Amino acid sequence: MSKTIIVNFGMGNIGSIANMIKKIGYKVEITDAIEKIKDAEKIILPGVGSFDHAMQNLEKLNFIDVINKKVMEEKTPLLGICLGMQLMADKSEEGNKSGLGFIDGEVKRFSFGEYNKFKIPHMGWNLIQPKKESTLLKNLDEESRFYFVHSYHFVCKNEADILTKTFYGYDFVSSFAKENIFGVQFHPEKSHKFGMKLLQNFIENL
């Protein structure tokens, strides 16, 4: 069994992610130890909160260099969840700090017309629309539904990086996949059987 770690940088509901992974029969460790990140075979980057605060925490804990080496040089599989996905952008409208820059793109706030019925934040269950094949989506139903809570979304510069889109006022990128790098805007740990399958795919098949 591969060593799967959840990076603890003080942002997000990491306990619920760990509980979901354990529920489907896999071992996972929540850690803020650099040596354990260096030794990881799968990395999950969670996150709930603001972009700049998250980047500041990663910097303060000296995580950026080690994560960059693991992901970009060693090609360790990385899954970013919600804010963890957004941190992989070059930048975000939510703050002024640079992101990790793993995926070309930026994070933008939902923007609807004055009379649009869609509220911010986007909160609730929505379908995902696959745009390409990926092991991350293996054996998922065509009508797979996931739980979202967010006000910002990722805008990919390269269409080839987009894994799924979801409609909320307009189509936005709900997940991306590039080589060993994966990001999901939704919360698999809150998405019942669909989230279980996606996490299983990440741990078992990637």
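Contact here means heavy atoms within 4.5 Å. The structure is a predicted model, so local features need pLDDT of at least 70 and side-chain atom pairs count only at pLDDT 80 or more, while totals for chains, interfaces and linings use all residues. Residues are numbered from 1 along each chain as its sequence is written, and side-chain values use heavy atoms, with hydrogens and water left out.

**Exercise 1. Find the contacts of V7, leaving aside its neighbours within four places in sequence.**

Step 1: Start at V7 and skip those neighbours.
Step 2: Collect what remains: I14, T31, I37, I43, I44, L45, P46, F63 and I67.
Step 3: Now put V7 in a wider setting. A nonpolar core is a set of buried Ala, Val, Leu, Ile, Met, Phe, Trp, Tyr and Cys residues joined through side-chain atoms within 4.5 Å. Buried means under 20% relative accessible area, exposed means over 50%, and partly exposed is in between (1.4 Å probe, protein chains only). The largest such core has 33 residues, and V7, F9, I67 and L87 have the most contacts inside it.
Step 4: Ask which elements build this core. At least two residues each come from β1 (4–7), β3 (42–45), α3 (51–60), α4 (64–73), α5 (83–86), β10 and β12 (171–178). The largest share, four residues, is from α3.
Step 5: Look for a second core. Apart from that one lies another, of 32 residues, including Y26, I44, I128 and L136. As background, nonpolar side chains tend to be buried together in soluble globular proteins.

**Exercise 2. Describe the surroundings of F154.**

Step 1: Place F154 in strand β10, residues 152–156. Strands (E, at least two residues) and helices (H or I, at least four) are DSSP runs, numbered from the N terminus.
Step 2: Check the cover. F154 has a relative accessible area of 1%, so it is buried.
Step 3: List what F154 touches, not counting residues up to four places away in sequence: M85, Q86, M88, A89, I103, D104, G105, E106, V107, V173, F176 and Q185.
Step 4: Try a distance too. From F154 to S191 it's 37 residues in sequence and 20 Å in space, C-alpha to C-alpha.

**Exercise 3. Track down some backbone oddities.**

Step 1: Recall the background: most residues other than glycine have a negative phi, and most peptide bonds are trans.
Step 2: Go to the loop between β6 (105–109) and β7 (122–127), where P121 is found. The bond from I120 to P121 is cis, with omega near 10°.
Step 3: Move to K75, in the loop between α4 and β4 (78–81). K75 has a positive phi, near 60°, and at 40% relative accessibility it's partly exposed.
Step 4: Finish at E179, in the loop between β12 and β13 (181–184). Phi is positive here as well, near 55°, and E179 is exposed at 61% relative accessibility.

**Exercise 4. Sum up the whole protein.**

Step 1: Count the elements: six helices and 13 strands.
Step 2: Judge the compactness. The radius of gyration (taken over C-alpha atoms) is compared with a globule rule of 2.2 Å times the number of residues to the power 0.38. The protein has 16 Å, close to the 17 Å that the rule gives for 206 residues, so it is as compact as a globular protein of that length.
Step 3: Box it in. Along the principal axes, the C-alpha atoms fill roughly 50 × 40 × 30 Å.
Step 4: Add burial: 51% of the 206 residues are buried.
Step 5: Check the contacts with a separation of 6 or more: 72% of them join residues 24 or more positions apart.
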